Amino acid sequence: MKRTLKILLLIFVISSCDKGLQSSDFTKQGSFTEGIEGPATDHLGNIYAVNFGEQGTIGKITAKGESSLFVKLPNGSIGNGIRFGDKNQMFIADYTNHNILEINLKSKKIEVYANELEANQPNDIAISPDKTLYASDPNWSNNTGKLWKVTKEKGFELLEKEMGTTNGIEVSNDGKKLYVNESVQRKIWVYDISKNGMIKNKQEFISFEDYGLDGMRSDANGNLYVCRYGKGTVAVISPEGKLLKEIKLKGRNPTNITFSNDYKKCYITIADRGCIELVEL
């Protein structure tokens, strides 16, 4: 009986790594710095990621893989997570100056959307259907973190402090759930989002025994795609918190992920290779 259970477990582990999906290079290796992060897709299908060529920049990549410098951030700002609000409204977590920046895609005008000096470093951001932003805020020196709600009207509102190293963050497609992971503690938490944008009913969604957790996104079916930093995979987790599979990447250190607008492709930023890898789903 024990031997049968071991065999079944081995089969499960092997099948959990999806060998049918393989990543390929979407941008040239080394075109971004090791600080590559925050990929996001605009309404036209262009991909944006931070630290193109040098720190403090944002690169733009067309759907065909043509890369160019989009903007250089002012005042020593360095971006991390990127999300889109309206069609031409880009939000960037600026961790050096404790900002959420707002950029107009057409004019490229850069403004401070919100600032919070009590934030460790706004890291990754998520956006709800009503355009409320949520920001993770890790303190890497002591493996703790905070969680913030961010709006134009009220700025940063502290939702939770003394968490683990908060990193990847995502709002479910229906706007009812907020997912937040802790990199060092290797846990993902899920909250209910109230009508006023506040959170409640915190529960452990899933935890891992090894490797770090970084950026994550939901697909069209509500599955959560989570970058496994150091392992070189993207874990796919069902809305019920079950690990469905892991997609193997070329690089070891995936930092974040975004989808094409039709959800047929995903783009993963890879720190150790300084590029974006593509997986066709």
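Leaving aside its neighbours within four places in sequence, which residues is Leu 21 in contact with? Keep that one in mind for the first view; everything shown here comes from a predicted model.

**View 1. Leu 21 sits in a loop and touches residues from far along the chain.**
Start in the loop between β1 (17–18) and β2, where you'll find Leu 21. Now for the opening question: with neighbours within four places left out, the contacts of Leu 21 are Lys 245, Ile 247, Lys 248, Val 279, Glu 280 and Leu 281. Take Val 279 from that list: 258 residues separate it from Leu 21 in sequence, yet the C-alpha to C-alpha distance is 6.8 Å. Is Leu 21 buried or exposed? Its relative accessible area is 13%, so with the cut-off for buried at under 20%, Leu 21 counts as buried.

**View 2. Four strands line up in an open sheet.**
Read across the sheet and the order is β3-β4-β5-β6, with antiparallel pairing. Which strands stand at the edges? They are β3 (32–41) and β6 (67–72); each has a single partner strand, so one side of each has no neighbour in the sheet. The sheet isn't flat-on from strand to strand either: neighbours are turned by 30° against each other on average, direction ignored. Zoom in on β5 (residues 57–61) and you can follow its antiparallel pairing with β6 over five bridges. Pick out Ile 58, whose bridge partner in β6 is Val 71.

**View 3. Thr 258 makes a polar contact with Thr 41.**
Thr 258 belongs to strand β23 (residues 254–259). Its relative accessibility is 5%, which makes Thr 258 buried. Look for the two threonine side chains: the polar contact between Thr 258 and Thr 41 is 3.0 Å. Beyond its neighbours within four places in sequence, Thr 258 also has contacts that include Pro 39, Ala 40, Ile 47 and Arg 217. Lys 265, Cys 266 and Tyr 267 are among its contacts too, and Tyr 267 turns up again in the next view.

**View 4. Phe 26 and Tyr 267 form a tilted ring pair.**
The model has nine aromatic pairs. In this one, the ring centres of Phe 26 and Tyr 267 are 4.8 Å apart and the planes meet at 55°, so the pair is called tilted. Where do the two rings come from? Phe 26 is in the loop between β2 (23–25) and β3, while Tyr 267 is in strand β24 (residues 265–270), so you're looking at distant parts of the chain, 241 residues apart, linked by a pair of rings. Both partners are tucked away: Phe 26 is buried at 11% relative accessible area, and Tyr 267 is buried at 3%.

**View 5. Tyr 48 and Phe 84 meet edge-to-face.**
Here the rings are 5.6 Å apart centre to centre, with 65° between the planes. Tyr 48 comes from strand β4 (residues 47–52) and Phe 84 from strand β7 (residues 79–84), so the pair ties together parts 36 residues apart in sequence. Both residues are buried. Add Phe 70, and you have one aromatic cluster made of Tyr 48, Phe 70 and Phe 84.

**View 6. Charged side chains sit over rings.**
Look for Lys 202 first: its charged end sits over the ring of Trp 189, 4.4 Å from the centre. Then find Arg 228, which lies over the face of Phe 208 at 4.2 Å from the ring centre.

Definitions and conventions:
Residues numbered from 1 in each chain as written. Predicted model: local features only at pLDDT ≥ 70, side-chain atom pairs only at ≥ 80, totals over all residues. Heavy atoms only, no water. Pairing = 2+ DSSP bridges. Helix = DSSP H or I, 4+ residues; strand = E, 2+ residues; numbered from the N terminus. Axes fitted to C-alpha atoms, helices over the stretch in contact; angles between N-to-C directions. Buried < 20%, exposed > 50% of the residue type's maximum accessible area, 1.4 Å probe, protein only. Polar contact = N/O pair within 3.5 Å; in protein donor to acceptor, adjacent residues only side chain to side chain. Contact = heavy atoms within 4.5 Å. Phe/Tyr/Trp six-rings, centres within 6.5 Å; stacked < 30°, edge-to-face > 60°. Lys NZ or Arg CZ within 6 Å of the ring centre and 35° of its normal.
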